[in-house]
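Please open the structure in the viewer and display the side chains. The tour below proceeds selection by selection through the aromatic residues.

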Amino acid sequence: MTILLSTLNARYSHASLGLRYLQANMGDLRDATQLHEFVIGAKTTDIVEKLLAHKADTSTTIVGFGVYIWNIEETTKVVAMLKRVAPDMVIVLGGPEVSYESAEQQIVQLADYLVTGWGDVTLPQLCRQILHGPKPLMKVHVGVQPPMADIVLPYSLYSDHDIAHRTLYVEASRGCPFKCEFCLSALDKTAWPFALDNFLAEMESLYARGARLFKFVDRTFNLNVKTSLKILQFFLDKLAANPDDPVFAHFELVPDHLPDALKESIAQFPPGALQFEIGIQSFNPEVQALVSRKQNNEKAAENIRWLIQQSQAHLHVDLIAGLPGEDVASFARGFDRLVELQPHEIQFGILKRLRGTPIIRHTEPYGLIFDPHPPYTILATNKIDFPTMQRLQRFSRYWDLVANSGRFAHTLPILLGETPFDNFMAFSDWLYGKTDATHRIALDRLAGLVGQWLRLQGMSESAVNAVLSTDYAGKAAKQTDLPQLAVKPEGLVAPKRQARHLAH
């Protein structure tokens, strides 16, 4: 018998934590279970060929696919082809994209079985029934949520190659107590922690094997401050013991919950060792209430300001355009407020309708129109029409290229001026008119276009050349050898884009 667990990751550098959890919890079937990870964009025939190479000759082969919003379309093609060339292979699906509203999905219709929700216990049970009987009568199997202590932690399944070349995803807890309606975590009753000593022992083992970059997927890292402090201390101890071999940790942070004890710990981290993702999403209290997001905006802003001014942590702060009840003017005020706080990156997202999320209840009252195809992006609301939403989409892309890239650090404040949203929107509209593109704009060309825009705004040729020459862009980038933009400062293990920000 053979059990293949597979998924299509968004990038090669991403290692699937979910598949490793499943393999770790297969029990007596673990030795018969193999992981096979692919990357979106790979040829369907190549994926199918590689999976078929591991097909059992005379016994049952089960293939389990992790299905997500970013890989649903390509995974559907893989499953369809597998069922054509090897109809005897048993296909089992799982993952957030197929756990809700599944009956209407083509991939579910093609597959033999579906596990919704938690798969740690339910997938091994289903595989035993398929292999040894009695054969399951039902296609859909609702995942059983076991006690956290019963879940085998998967971190030993990160290979030495994973540790050397890929991002290691880890979690000290699952779930989230908050009910933000645009997020799948809104369906959780609470957050469930793993036993902290066991978790830290696993982190110690990864560190001993050479792991230096840890990305926590916990939705609420700082919810339990005592736990947060112990985890931060783990990394501080590593930094103190081996300052020439530093470690990097990435967390999601609740913005309005930063007590003094946590601040004291965060302040001890050197540059390039700590990164926080902070979800603001909207500064509009009425919109927040509409989507069940509880947030003290003043406290959140105060904490972001403290993190920027009093710590060396690198901050990515999120805003979402297209939320029900929010118009462009309201979003612009929130954007300008966030620019004033000066986080290292503002992640400008566009609302997506994740399957199963309660945001759908606002569809009719607020005129929400979503793309029917993944990733189900909002196309229009009763406050923002389709052409304007397209302009916001382009704004988001250009913001990533110009602001978040870190390559225009000195030019950006001039570009934004006193009214950041309005000024960048004007630049975005002009840039699209000049290029008719939001992708594949070479850096040299982008730098030239930024300079052209600044000259159109009345800036002198010499002033434009002077400010651009201080950034890693255009001719200045060539003179400083553009590929070295991604070279990390001595001893730094931070991701490339953060290294760029740290250079300023």
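Begin by selecting Phe335, which in this predicted model has a relative accessibility of 0% and therefore counts as buried. Next, add Phe348 to the selection; with a relative accessibility of 8%, Phe348 is likewise buried, because buried means under 20%.

Now display both rings together. A search of the whole structure finds 29 aromatic pairs. One of them joins Phe335 and Phe348: the ring centres are 6.3 Å apart and the planes meet at 50°, so this pair is tilted. Colouring by secondary structure places Phe335 in helix α12 (residues 328–341) and Phe348 in strand β14 (residues 345–350), 13 residues apart.

Keep Phe335 selected and add Phe421. Is this pair of rings tilted or edge-to-face? The centres of Phe335 and Phe421 lie 5.9 Å apart with the planes at 70°, and the pair is therefore edge-to-face, as the angle is over 60 degrees. Phe421 belongs to helix α15 (residues 420–435), so its pairing with Phe335 of helix α12 ties together parts that are 86 residues apart in sequence. Phe335 and Phe421 are both buried.

Move next to an aromatic cluster, whose members include Tyr155, Tyr158, Phe199, Phe214 and Phe216. To complete the selection, add Phe221, Phe234, Phe235, Phe251 and Phe276, which belong to this one cluster.

Finally, examine two charges placed over rings. Select Arg337 with Phe283: Arg337 lies over the face of Phe283, 4.4 Å from the ring centre. Then select Lys238 with Tyr207, where Lys238 lies over the ring face at 4.8 Å from the ring centre.

Note on methods
Residues numbered from 1 in each chain as written. Predicted model: local features only at pLDDT ≥ 70, side-chain atom pairs only at ≥ 80, totals over all residues. Heavy atoms only, no water. Phe/Tyr/Trp six-rings, centres within 6.5 Å; stacked < 30°, edge-to-face > 60°. Helix = DSSP H or I, 4+ residues; strand = E, 2+ residues; numbered from the N terminus. Buried < 20%, exposed > 50% of the residue type's maximum accessible area, 1.4 Å probe, protein only. Lys NZ or Arg CZ within 6 Å of the ring centre and 35° of its normal.
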